[in-house]
Amino acid sequence: RLCMELKPNEAWEGEYPLLDQRGEPLVGHSGEQATILVKAVYSMAEYLDQAATEKHVEEAANEVCKCSVASMQGWRSSMEDAHDIQLALDAKAAFFGVYDG
């Protein structure tokens, strides 16, 4: 477990011991304590002053199935999510993907 609190635009770097769920040091096969090198930067994502609430709906259908997807940008300055609908990969397969940005 590693907990840290960063302020906006603050960088943090260091090597720290890894601990188990009880807070005990993790030890590797060689008997050495396991460590992790951490480098983190907290960057404020850009947000809008007001949420973008326009919904985008896409529908697709073929002889076998029918589907739809809806998306909304929300407070982020740009849409970070995506989706993919492939109804006819072959005679027996379709693909539906949702990618969380």
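1. Two strands are said to pair if DSSP finds at least two bridges between them. With that in mind, this predicted model offers a clear case to begin with, since Ala52 stands opposite Gly74 in strand β4.

2. The wider setting of that pair is the arrangement of strand β3, residues 47-61, and strand β4, residues 66-76, which run antiparallel and are joined by 9 bridges. Together β3 and β4 form a hairpin, and 4 residues lie between the two strands.

3. Ser68 is a useful residue to follow next, as it is found in strand β4. Is Ser68 buried or exposed? Ser68 counts as exposed because its relative accessibility is 51%, and the cut-off for that word is a relative accessible area over 50%.

4. Which residues does Ser68 touch, once its neighbours within four places in sequence are left aside? Ser68 is then in contact with Glu58 and Glu59. As for Val57, the C-alpha atoms of Ser68 and Val57 are 7.0 Å apart in space, while the two residues are 11 apart in sequence.

5. A separate point concerns strand β6, residues 93-99, in which Phe95 lies. Phe95 is described as partly exposed because its relative accessible area is 34%, a value to be read against the limits of under 20% for buried and over 50% for exposed.

6. Phe95 also belongs to a nonpolar patch on the surface, which it forms with Leu89 and Tyr99. Taken together, Leu89, Phe95 and Tyr99 have about 290 Å² of accessible area.

Key. Residues are numbered from 1 along each chain as its sequence is written. This is a predicted model: local features need pLDDT of at least 70, side-chain atom pairs count only at pLDDT 80 or more; totals for chains, interfaces and linings use all residues. Side-chain values use heavy atoms; hydrogens and water are left out. Patches are made of residues with over 30% relative accessible area and no salt bridge: like charges are joined within 9 Å, nonpolar side chains (Val, Leu, Ile, Met, Phe, Trp, Tyr) within 5 Å. Accessible areas come from the Shrake-Rupley method with a 1.4 Å probe; for residues, only the protein chains shown count as cover. A salt bridge is a side-chain nitrogen of Lys or Arg within 4 Å of a carboxyl oxygen of Asp or Glu. Buried means under 20% relative accessible area, exposed over 50%, partly exposed in between (1.4 Å probe, protein chains only). Contact means heavy atoms within 4.5 Å.
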